[in-house]
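Work through the two exercises below with the structure open beside you, and try each task before you read its solution.

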Amino acid sequence: MNAGNAVVIDNLSRHFRSFKAVDRISLEVRTGETFGFLGANGAGKTTTIRMLCGLLSPTSGTGTVAGFDINRQAEEIKKSIGYMSQKFSLYPDLTGKENLSFYGAAYGLTRQEVRERTAELTDRLSLGDFIDRLTKSLPVGWRQRLALGVSLLHRPRILFLDEPTSGVDPVFRRKFWQILYELAEEGVTVFVTTHYMDEAEYCGRISIMHQGRIVEAGQPYELIRKHRSENLEELFIDLIKNRETLNAEA
Ligand code: ATP
């Protein structure tokens, strides 16, 4: 693979019976890039992320993540990446600290490493006293921050975040993105889906997916200029409307 690319996808598809959830998409994400993987509901984003994280086999096509083949090296990929899924993955009846210990052990960290990483992440994510509360009692913003902490335990160089700020208030969202920026500055590749267009603007590059296809990809402001849109939200809506019109005419 190209050493400058964290993710390479070539003609990747995933079908569920005759339904094409992901349909021949190609994409490259450079190491250290913050990449916004956008799309309408049901566009195929989560399905794509699950293939990239080694959790779902592609129907066809190829790809590499951290240099590992998504068709053949799922286990190596899992060790190299952090994944924060759309569904809440923490144990509700454990405290934040206990969740970190549990996942730390699952990642193969020693107790000492878990202690050190928990202290580092508590500080970095400003988890404070929330770390000692039962996860189910935490407001959604704190839970998401804790889930980010879990995904960072084993110091992954590539982070996949599937709608990490869904349902989170604007102040928390801003803080969450500050943390993502810091990670990107340290060279971590951030591959993130969001429905918030202000967040998409923070990304170095974005792609827009609709009905299993990637409709457009590039730098947010270049795409706005290219399509003569007012802003990213307009661009998103226009591209999807155009695609639906084309599909209806076909
Ligand atoms: P959202 O923004 O709503 O999370 P998404 O872009 O992540 O949507 P996916 O979850 O990837 O979309 O789903 C794409 C399509 O594939 C949807 O129509 C979904 O119902 C379908 N799909 C996903 N997983 C399966 C499955 N295991 N079996 C059948 N269909 C599936």
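## Pockets and a ligand

**Exercise 1.** In this predicted model, find how much space lies in the second largest pocket, and state which helix gives the largest share of its lining.

*Solution.* Begin with the volume: the second largest pocket holds about 170 Å³ of space. Next, go through its lining, which includes Arg117, Glu120, Leu121 and Arg124 as well as Leu152 and Arg155. The largest share of this lining, 4 residues, is contributed by helix H4, which spans residues 111-124. Finally, sort the lining by class, which gives 5 nonpolar and 6 charged residues but no polar ones.

For the largest pocket, the volume is about 310 Å³, and the residues that lie nearest its centre are Leu55, Tyr83, Met84, Tyr103 and Tyr107. Its lining has 9 nonpolar, 4 polar and 1 charged residues, and strand E6 gives the most to it, with 4 residues.

**Exercise 2.** Determine which residues are closest to the ligand, and which element gives the most to the shell around it.

*Solution.* First, list the surroundings: of the 14 residues around the ligand, Gly42, Gly44, Lys45, Thr46 and Thr47 are the closest. Then look at single distances, where a polar backbone atom of Gly42 is 2.7 Å from an oxygen atom of the ligand, and a backbone N or O atom of Gly44 is 2.9 Å from a ligand oxygen atom. In the side chain of Glu163, an N or O atom lies 3.4 Å from an oxygen atom of the ligand. On its own the ligand has 640 Å² of accessible area, of which the protein covers 61%. As the last step, helix H1 gives the most to the shell, with 3 residues.

Key. Residues are numbered from 1 along each chain as its sequence is written. This is a predicted model: local features need pLDDT of at least 70, side-chain atom pairs count only at pLDDT 80 or more; totals for chains, interfaces and linings use all residues. Side-chain values use heavy atoms; hydrogens and water are left out. On a 1 Å grid over the protein atoms alone, a cavity is a set of points where a 1.4 Å probe fits but cannot get out, and a pocket is an open set with protein on both sides within 12 Å along at least five of seven lines; lining residues have an atom within 4 Å of a point. Grid points are joined across faces, edges and corners, and a volume is the space filled by probe spheres set on the points. Helices (H or I, at least four residues) and strands (E, at least two) are DSSP runs, numbered from the N terminus. Ala, Val, Leu, Ile, Met, Phe, Trp, Tyr, Cys and Pro count as nonpolar, Asp, Glu, Lys and Arg as charged, and the others, Gly among them, as polar. A residue is near a molecule or strand if one of its heavy atoms lies within 4 Å of it. A polar contact is a pair of N or O atoms within 3.5 Å; within protein, one must be able to donate a hydrogen and the other to accept it, and residues adjacent in sequence count only if both atoms are side-chain atoms. Accessible areas come from the Shrake-Rupley method with a 1.4 Å probe; for residues, only the protein chains shown count as cover.
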